[in-house]
Amino acid sequence: MKHLLSAKDLSLEDALQLLDTAEAMAATQQHAVKKLPTLRGKTVVNLFFEDSTRTRLSFEAAAKRLSADVINFSAKGSSVSKGESLKDTAQTIMAMGADAVVVRHSADGAAHLLAHAGWIDVPVLNAGDGKHQHPTQALLDAMTLRRWYVPGAPAGTADGSPAPAGRDLAGAEVVIVGDVLHSRVARSNVDLLTTLGAHVTLVAPPTLLPVGMESWTCDVSYDLDDAIASVRPDAVMMLRVQRERMSAAGGGFFPSPAEYSHAYGLNLARREAMPEHAIVMHPGPMNRGLEITADAADDPRSRVIEQVGNGVSVRMAALYLLLADEGNQL
């Protein structure tokens, strides 16, 4: 496999190789000198057609810590604003000597098109395409959960230590809550967590669930309190309410922010109703006071900041496995 385009494309072996490599990368970041010479002489292009903070900076940090050169492209202020196509932009970047392209785009399937249209011949890493996929986000979420999930220990004895090599998430219960309709994070996590052996329950109002979910490998609930009580989750992941996409579609997905927060927001009372060992997750950026309160976001069991750190390790692993040598691809 030459590219990293979708969590659905990853076999269990692929996923475990990525996660184990990410743990090895995380270990190197505890050294006094964090930089590795692995990708010296390689050039990684971050091709971002959508705004991003965490993902773009994370990929940039990952590439630089592997000693690669980085070219950052933003659609704002570029020739894209003058009407340049994705094809022409990609070929322009290739003419500058790119060895890998990280792409984020508002259109579903943009990363797949870039990888397979014949315009470029280097690995493509999907940093989020529309409402479709965000595989490295799912991987960093899985890495975080693996560190805190202890099979058969409902009282919670995990301390966040690196997971043993090859360990999956068999038996883990994960509840993902919120704006599933617009969320590539939800789709990617359902795919990857299921591959790793976890069971996923999606919780959302009917208006924020996509049509055609019959094929999704998860359960669906419309009641957050009931899901917490019945599933007894090991992790609750809150999704950002993507108001910018709702506004573009004309709004009307829920009556008011206050009503949404009351029914589907994670507050301290709901956090306390979760199992003691359960962790709180969020892909960021958080809308504090809407899908999550400050008390819940800053709770001792919140792993939101840890997710950000794990994102660098996961992206180092992906770049390493795709670029380090010809025989070491996913």
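Colleague: With a relative accessible area of 38%, which class does Lys34 fall into: buried, partly exposed or exposed?
Modeller: This is a predicted model, so the value is computed from predicted atoms. Buried means under 20% and exposed means over 50%, with partly exposed in between. Because its relative accessible area is 38%, Lys34 is partly exposed.

Colleague: Where is Lys34, and which residues is it in contact with, leaving aside its neighbours within four places in sequence?
Modeller: Lys34 sits in the loop between helix H1 (12–28) and E1. Asp14 is 20 residues away along the chain, and the two C-alpha atoms are separated by 25 Å. Once neighbours within four places are left aside, the contacts of Lys34 are Thr28, Gln29 and Arg65.

Colleague: How many residues of strand E1 are buried?
Modeller: E1 covers residues 43–48. Thr43, Val45 and Leu47 point one way, while Val44, Asn46 and Phe48 point the other way, and all are buried. In a regular strand the side chains alternate between the two faces of the sheet. E1 is largely enclosed by the rest of the structure, because the number of its residues that are buried is six of the six.

Colleague: Which residues stand opposite Val45 in E2 and E3?
Modeller: E1 runs parallel to strand E2 (residues 69–74), and six bridges join them. E1 also pairs in the parallel sense with strand E3 (residues 100–105), here over five bridges. In E2, Val45 stands opposite Ile71. In E3, the bridge partner of Val45 is Val101.

Colleague: What hand does the β-α-β unit of E1, H2 and E2 have?
Modeller: The two strands of the unit, E1 and E2, run parallel. Helix H2 is the third element of the unit. The hand of this β-α-β unit is right-handed.

Colleague: Which residue in the loop between H2 and E2 has a positive phi although it is not a glycine?
Modeller: Most residues other than glycine have a negative phi. The residue in this loop has a positive phi of about 70 degrees. It is buried, because its relative accessible area is 13%. The residue is Ser67.

Colleague: Arg232 also has a positive phi; is this residue buried, partly exposed or exposed?
Modeller: The phi of Arg232 is about 55 degrees, although Arg232 is not a glycine. Its place is the loop between helix H7 (224–231) and strand E8 (235–238). Because its relative accessible area is 42%, Arg232 is partly exposed.

Colleague: Which two residues are joined by a cis peptide bond?
Modeller: Most peptide bonds are trans. In this bond, omega is about -10 degrees. One of the two residues, Pro285, lies in the loop between E9 and helix H11 (294–297). The cis peptide bond joins Gly284 and Pro285.

Colleague: Which element gives the largest share of the lining of the largest pocket?
Modeller: The largest pocket has a volume of about 580 Å³. Its lining has 30 residues, of which Arg104, Arg184, Arg240, Gly284 and Pro285 lie nearest the centre. The elements that give two or more residues are H2 (54–65), H5 (135–148), H6 (184–195), H8 (243–248) and H12 (304–323). The largest share, five residues, comes from H12.

Colleague: How many residues of that lining are charged?
Modeller: Three classes divide the lining. Seven residues are nonpolar and 14 are polar. The charged residues number nine.

Colleague: What is the relative accessible area of Thr144 in helix H5?
Modeller: Thr144 lies in helix H5. Not counting residues up to four places away in sequence, Thr144 touches Ile279, Met281, Arg303, Glu306, Gln307 and Asn310. Thr144 counts as buried, because its relative accessible area is 0%.

Colleague: How far apart in space are Met274 and Val220, C-alpha to C-alpha?
Modeller: Met274 is in the loop between helix H10 (268–273) and strand E9 (279–281). Met274 counts as buried because its relative accessibility is 3%. Leaving aside neighbours within four places in sequence, the contacts of Met274 are Ile228, Val236, Leu266, Ile279 and Val280. Val220 is 54 residues from Met274 in sequence, and their C-alpha distance is 18 Å.

Methods. Residues are numbered from 1 along each chain as its sequence is written. This is a predicted model: local features need pLDDT of at least 70, side-chain atom pairs count only at pLDDT 80 or more; totals for chains, interfaces and linings use all residues. Side-chain values use heavy atoms; hydrogens and water are left out. On a 1 Å grid over the protein atoms alone, a cavity is a set of points where a 1.4 Å probe fits but cannot get out, and a pocket is an open set with protein on both sides within 12 Å along at least five of seven lines; lining residues have an atom within 4 Å of a point. Grid points are joined across faces, edges and corners, and a volume is the space filled by probe spheres set on the points. Ala, Val, Leu, Ile, Met, Phe, Trp, Tyr, Cys and Pro count as nonpolar, Asp, Glu, Lys and Arg as charged, and the others, Gly among them, as polar. Buried means under 20% relative accessible area, exposed over 50%, partly exposed in between (1.4 Å probe, protein chains only). Two strands pair if DSSP finds at least two bridges between them. A crossover is right-handed if, with the strands pointing away from the viewer, the path from the first strand over the helix to the second runs clockwise. Contact means heavy atoms within 4.5 Å.
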